[in-house]
Amino acid sequence: MISAVTWVPKGASKISPVVAEPPSKDEIEEILKTGALRRSGDSDEDEQVDMDVDDSKDADEVAHALATAEALSKDQGDKGSHFQDIADGLRELDMDHYDDEDDGIELFSTGLGDVYYPSNDMDPYLQNKDDNNDDEEIEDMTIKPTDAVIVCARNEDEVSHLEVWIFEESEDGDSNMYVHHDIILPAFPLCTAWLDCNLKSGDKGNFIAVGSMEPAIEIWDLDLIDEVQPFLVLGGVSKKKKKGKKTSVKYKKGSHRDSVLGLAWNKEVRNVLASASADKTVKIWDVVSGKCAVTVEHHRDKVQAVAWNQHSPEVLLSGSFDQSIVMMDMRSSNQVSNEWCVTADVESLAWDPHSEHSFVVSLENGTVQGFDVRASLDTDSSSKPSFTLHAHDKAVSSVSYNPAAPNFLATGSTDKMVKLWDLSNNQPSCVASQNPKAGAIFSIAFSDDSPFLLAIGGSKGRLEVWDTLSDLGVGGRFGKYSNRTIDPPPTD
């Protein structure tokens, strides 16, 4: 299954990602010193003794067989020629010196003499003289600035990992999509957030934060291939102790105490990451220092989602299973700016990128509600939604605003459907719907670079990308916001 999909902005990835360095000599020696790779009870001395015993035993068996064969050949006379052949064979094998190197034997000789060719072009036995395979491999590993990159959080056969996909667009409408590399994760991933705050040096980086069933948040460098450790871990367990049937857990300072259900990176204050957890808290992290700066405890149940306002980067929304949404100005995080009640558990929420006052929230009962924060100025209507949309038959697990076209919203549901909506005038109408054959939908996301491409992930574990502009309804209503040429609808 795919639990989360995230687009990486074009040009953010290194053209040639670097293969991670293996552990250093000092690190390997430290591992060996600790005995982590040695089975209990093993020792170098015991191993050496065992080897000596085995070698002497083998030598004695060969000598015994040779002596027996010679004795039998003498006793049998002419009839003992068979045993004499055995004795001669054993002498020829010379088992005592069997492992000694013999420079006179060329194990890989052709038997006709080896010939040296000054260049590969002159060697008639070489097939790929131009190293075409190497060139193709280098080309496959290259990420062009025009390539779209999608990161999927996946769990399959009890193995959790991130998959970094390349999506290549073409002018004729055909596309090519393949996995560039993957990253093995230690725990079931639940949410992701891409961030460009460089945790190493320089201006920008290419990182992804991963929330999982564990209380730690892992941040991975997407420009490293074959990496086995996250670049940074925020929070997590520092120590576990067993006392009889009970296990006591000690957490790192500032850590969540339960699964991390939602993540949001602040694009304006680039070192800031917000997290939502099943421990009922929201935390604000400084990813440069690796420390928790603020912990907010305004909810009474699991916090499912968080989102920063793009127009006012200090404003944060959080949605919870306590059927409430809280808006906070993080400059004074101890005070709730606004709170709204909804009719079911919150699944996801998103700010409208085209309006600083509006947001939508999707719920477990299949509805989507829109809110305008300016309505909170009127006390009587502070909890009243701008609209309520019965969007799906089951939980609406994910929503995504189109970054280019105002009032264009996508919704994904565990009813296996993805729907596209026009929210103009707070009167939602369905523009298009599709069953992408991805199973129950868990995550959808529009691309910022190609705003009409919608990435879809679900229970079947197959990444889908829907070119929504190919739908006639979408093209007719929102095509003017695209820089692509749209084919006119066919006429009868």
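A nonpolar core is a set of buried Ala, Val, Leu, Ile, Met, Phe, Trp, Tyr and Cys residues joined through side-chain atoms within 4.5 Å. Keep that in mind for the first stop, and remember throughout that you're looking at a predicted model.

**Stop 1: the cores**

Select Leu 162 and Leu 273. These two have the most contacts inside the largest nonpolar core, which has 34 residues. Now colour strand 6, residues 189–197: this strand gives the core its largest share, five residues. In soluble globular proteins, nonpolar side chains tend to be buried together.

Stay on Leu 162 and show what surrounds it. Setting aside residues up to four places away in sequence, Leu 162 touches Val 151, Cys 152, Ala 153, His 181, Asp 182, Ile 183, Leu 185, Thr 192, Ile 208, Val 210 and Trp 220. Apart from the largest core there's another, of 18 residues; pick out Phe 408, Ala 410, Phe 452 and Trp 466, which are among them.

**Stop 2: a four-stranded sheet**

Switch to cartoon view and find strands 25, 26, 27 and 28. They form an open sheet in the order 25-26-27-28, with antiparallel pairing. Which strands stand at the edges? Strand 25 (396–401) and strand 28 (429–434) do; each has a single partner strand, so one side of each is left without a neighbour in the sheet. From one strand to the next, the twist averages 20°.

Zoom in on strand 26 (residues 408–413) and strand 27 (residues 418–422): they run antiparallel and are joined by five bridges. For a landmark on that pair, click Leu 409, which stands opposite Trp 421 in strand 27.

**Stop 3: Ser 413**

Still in strand 26, select Ser 413. Is this residue buried or exposed? Ser 413 is buried, at 0% relative accessibility. Show the side chain and look for two backbone oxygens: the one of Ala 395 lies 2.8 Å from a polar atom of the Ser 413 side chain, and the one of Lys 394 is reached at 3.3 Å.

Leaving out neighbours within four places in sequence, the contacts of Ser 413 are His 392, Lys 394, Ala 395, Val 396, Ser 397, Ala 440 and Ile 441. Try a distance label too: the C-alpha atoms of Ser 413 and Gly 439 are 9.6 Å apart, with their positions 26 residues apart along the chain.

**Stop 4: salt bridges**

How many salt bridges does the structure hold? There are 10. Here are some to click through.

- Lys 10 and Glu 169: their closest N and O atoms are 3.2 Å apart. Lys 10 is in the loop between strand 1 (2–8) and strand 2 (18–19), and Glu 169 is in strand 4 (residues 159–169), so the pair ties together parts that are 159 residues apart in sequence. Lys 10 is partly exposed at 30% relative accessible area, and Glu 169 is partly exposed at 38%.
- Asp 448 and Lys 267: the side chains meet at 3.5 Å, N to O. Look for Asp 448 in the loop between strands 29 and 30 and for Lys 267 in the loop between strands 13 and 14, 181 residues apart. Asp 448 is exposed, at 54%, while Lys 267 is partly exposed, at 48%.
- Arg 331 and Glu 314: the closest N and O atoms are 3.6 Å apart. Arg 331 is exposed, with 65% relative accessible area; Glu 314 counts as partly exposed at 24%.

Last selection: Asp 196, Lys 204 and Arg 270, which are linked in a network of salt bridges.

Key: Residues are numbered from 1 along each chain as its sequence is written. This is a predicted model: local features need pLDDT of at least 70, side-chain atom pairs count only at pLDDT 80 or more; totals for chains, interfaces and linings use all residues. Side-chain values use heavy atoms; hydrogens and water are left out. Buried means under 20% relative accessible area, exposed over 50%, partly exposed in between (1.4 Å probe, protein chains only). Helices (H or I, at least four residues) and strands (E, at least two) are DSSP runs, numbered from the N terminus. Contact means heavy atoms within 4.5 Å. Two strands pair if DSSP finds at least two bridges between them. Axes are lines fitted to C-alpha atoms, for helices over the stretch in contact, and angles run from 0 to 180 degrees between N-to-C directions. A salt bridge is a side-chain nitrogen of Lys or Arg within 4 Å of a carboxyl oxygen of Asp or Glu. A polar contact is a pair of N or O atoms within 3.5 Å; within protein, one must be able to donate a hydrogen and the other to accept it, and residues adjacent in sequence count only if both atoms are side-chain atoms.
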